[in-house]
Amino acid sequence: MPSTPSISVIGSTLTPLALVKHLENKILIDGKLIAPKSKQTFSVHNPATMEVIGQAAEAHEEDVDAAVESAHRAQKKWRHMDAAKRGHLVSQCADLLEEHADELARLMTLETGKALRTESQVEAKIFANTFRFYGGLGLEIKGETIPFSDSMLALTIREPLGVIGAIIAWNVPLLLMSLKVAPALVAGNTVVIKSAEEAPFAVLRAAEIMNTILPPGVLNMISGDGPTTGAVLVRHPKVAKLTFTGSVETGKEIYKNSGDKLVPVTLELGGKSPMIVCEDVDLEQVVSGALASMRFTRQGQSCTAASRIFVHEKIFDPFLVQFKEKLNALKMGDPMDAETDIGAIISPGQHEKILKYIEIGKAEPGSEAHECSELPQDPKLSKGLFVRPVLFTGLPNSHQVCQEEIFGPVTALIPWTDFDEVLDQANDSDYGLAATLWTNNLQLALKGVHQLEAGFVQVNQNVVVQPGLSYGGIKSSGIGKEASLEAMLEHFTHKKTIIFNMK
Ligand code: NAI
Ligand code: MG
């Protein structure tokens with residue numbers, strides 16, 4: 001009988017596949033990696049080869065219940081621990097996660113197909129930084145005093161909500177985990193988090209690492225699909241709040257179910273984010289910005305991806321030429337290879353969906369699909385889910401390709417001449433997550449930032465989620481904010497009003 005490898009959690013140098021072996025068929029409850037009572041598993045693939053990398057545990061009702069009960073028991077002590085001490089433990093998690101950043105990045109690349117250098121390593125650092133940011137905010141969970149009368153003291157205090165049910169997607173699994181877990185814990189809540197079925201291992205490993213520092217039950221992690229596991233977590237009577245990142249459709253379903261229980265919800269859903277380029281810009285700088293905004297190195301699998309790029313008519317042609325040049329210079333290939341810029345699409349379903357949208361765009365009379373970069377030639381990647389980045393021209397903003405979230409490496413370039421008209425077009429969308437505007441004209445910039453309908457507007461730059469900056473959308477892009485102090489206070493605490501009457 002082969003013996004189970006013994007894992008030293010701290011400072012391990014295991015290969016991603018050895019780590020998968022260690023995490024296979026496991027969920028994390030009460031501080032321990034255990035097999036689910038359901039005895040069910042599902043296969044996880046490497047999208048770059050479509051080989052099965054391992055079997056993840058499928059948590060069923062009794063497993064979800066065990067995770068929630070564990071978090072509920074741990075609540076009693078955790079919520080009464082000094083806030084600064086909770087923050088200190090979360091900061092210690094940040095240090096340990098940073099030490100394991102490379103290991104976590106490799107594991108994430110194996111299961112998601114995202115390129116290690118351009119994506120996973122960057123994300124693993126932001127992941128640790130998010131825990132560090134929130135770890136320093138323990139003493140910021142403050143209330144107010146209210147001037148009521150001299151003989152009375154009226155005040156508010158911030159209290160945790162209880163057990164948080166967190167459900168995340170696969171595109172940036174570590175980042176999403178940190179945006180939910182870090183503020184929830186620092187504010188005194190305990191957590192049950194469900195990973196996405198496509199990418200369960202890196203987040204489970206991160207939870208295992210954190211559990212060497214946190215008291216048992218404070219952070220529990222389960223895996224499984226939406227109906228079997230996610231929906232059960234949503235409906236669990238002891239879950240006091242839900243926080244979700246994923247599709248609009250699932251977000252609405254979760255919103256309805258949380259309504260039945262009357263618990264608060266934070267929803268971070270999709271986007272169809274516009275980018276407006278004025279004629280006065282430095283083309284080279286803006287084209288690099290567009291490349292980053294569209295998240296081409298993440299195969300466009302981003303809710304903020306600039307999937308509608310409005311370029312002033314006067315610079316439209318040179319913009320297109322330079323954009324194609326830059327995209328053609330990116331190397332698509334083995335995500336684990338340090339030379340690779342662009343990796344693979346997460347799943348056959350997403351791959352098919354993206355190809356369908358490309359066909360729909362091509363079928364539109366007058367449209368042109370500029371396909372860039374080259375598919376990898378390596379035979380070991382022949383079954384991999386690769387898609388060439390596409391720049392569409394000749395599609396109006398009203399076209400399906402410009403209105404529906406593709407979540408792939410596809411963007412539309414649309415020419416414009418009148419600034420008011422382009423603002424109307426940019427706002428003509430069901431979504432309202434992010435928008436970027438490139439200009440040095442102060443009047444246009446100010447008008448744009450005030451009139452663009454989005455939760456996050458950037459002028460002349462494009463950063464990804466940064467700890468400290470509130471992030472979250474309006475319209476169909478969701479409800480609530482993440483990543484900031486306000487997000488922690490507003491979404492993971494409630495205000496209790498207290499009056500001392502000393503008359
Ligand atoms: P999804 O919303 O179905 O899945 C996200 C998470 O929700 C997963 O953990 C899944 O297991 C869980 N889930 C699914 N149904 C559930 C239910 N009824 N109750 C509770 N949990 C449930 O997203 P999916 O299928 O992975 O992708 C579909 C589309 O969603 C993409 O093509 C993209 O357009 C969009 N999407 C947006 C993301 C964002 O960052 N806002 C992230 C991922 C996908
Ligand atoms: Mg789905």
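**Figure 1. Overall view of the predicted protein chain.** The protein chain exposes about 20300 Å², of which carbon and sulfur atoms supply 53%; accessible areas come from the Shrake-Rupley method with a 1.4 Å probe, and for residues only the protein chains shown count as cover. This is a predicted model, in which local features need pLDDT of at least 70 and side-chain atom pairs count only at pLDDT 80 or more, while totals for chains, interfaces and linings use all residues; side-chain values use heavy atoms, without hydrogens and water. Residues are numbered from 1 along each chain as its sequence is written, and chains are lettered from A and ligands numbered from 1 in the order in which they are written. The C-alpha atoms of the protein chain fill a box of roughly 75 × 70 × 40 Å along the principal axes. The radius of gyration is 23 Å, which agrees with the value near 23 Å for a compact globule of 503 residues; this radius is taken over C-alpha atoms, and the globule rule is 2.2 Å times the number of residues to the power 0.38. Of the 503 residues, 57% are buried, a term that means under 20% relative accessible area, with exposed meaning over 50% and partly exposed lying in between (1.4 Å probe, protein chains only). The secondary structure comprises 16 helices and 22 strands; helices (H or I, at least four residues) and strands (E, at least two) are DSSP runs numbered from the N terminus. Among contacts (heavy atoms within 4.5 Å) between residues at least 6 apart in sequence, 74% join residues at least 24 apart.

**Figure 2. Close-up of the open sheet S5-S6-S22.** Three strands form this open sheet with antiparallel pairing; two strands pair if DSSP finds at least two bridges between them. The edge strands, S5 (145-149) and S22 (493-501), each pair on one side only. Neighbouring strands of the sheet are turned by 25° against each other on average, direction ignored. Axes are lines fitted to C-alpha atoms, for helices over the stretch in contact, and angles run from 0 to 180 degrees between N-to-C directions. Strand S6 (residues 152-160) is joined to S5 by three bridges, and Ser149 stands opposite Met152 in S6. Helix H16 (residues 485-492) packs on the sheet, where it touches S6 and S22, and its direction makes about 75° with that of S22.

**Figure 3. Close-up of Thr156 in strand S6****.** Thr156 counts as buried at 8% relative accessibility. Although Thr156 and Thr497 are 341 residues apart along the chain, their C-alpha atoms are separated by 4.4 Å. Beyond residues up to four places away in sequence, Thr156 touches Gly143, Glu144, Ile146, Lys495, Lys496 and Thr497.

**Figure 4. Close-up of Asp63 in helix H2 (residues 61-78)****.** Asp63 is buried, with a relative accessible area of 2%. A polar atom of the Asp63 side chain lies 3.3 Å from the backbone nitrogen of Ser38; a polar contact is a pair of N or O atoms within 3.5 Å, where within protein one must be able to donate a hydrogen and the other to accept it, and residues adjacent in sequence count only if both atoms are side-chain atoms. Apart from neighbours within four places in sequence, the contacts of Asp63 include Ile27, Ile29, Pro36 and Glu58.

**Figure 5. Close-up of Ser373 in the loop between strands S14 (368-371) and S15 (390-393)****.** Ser373 counts as buried at 1% relative accessibility. The Ser373 side chain reaches the backbone oxygen of Leu330 at 2.8 Å.
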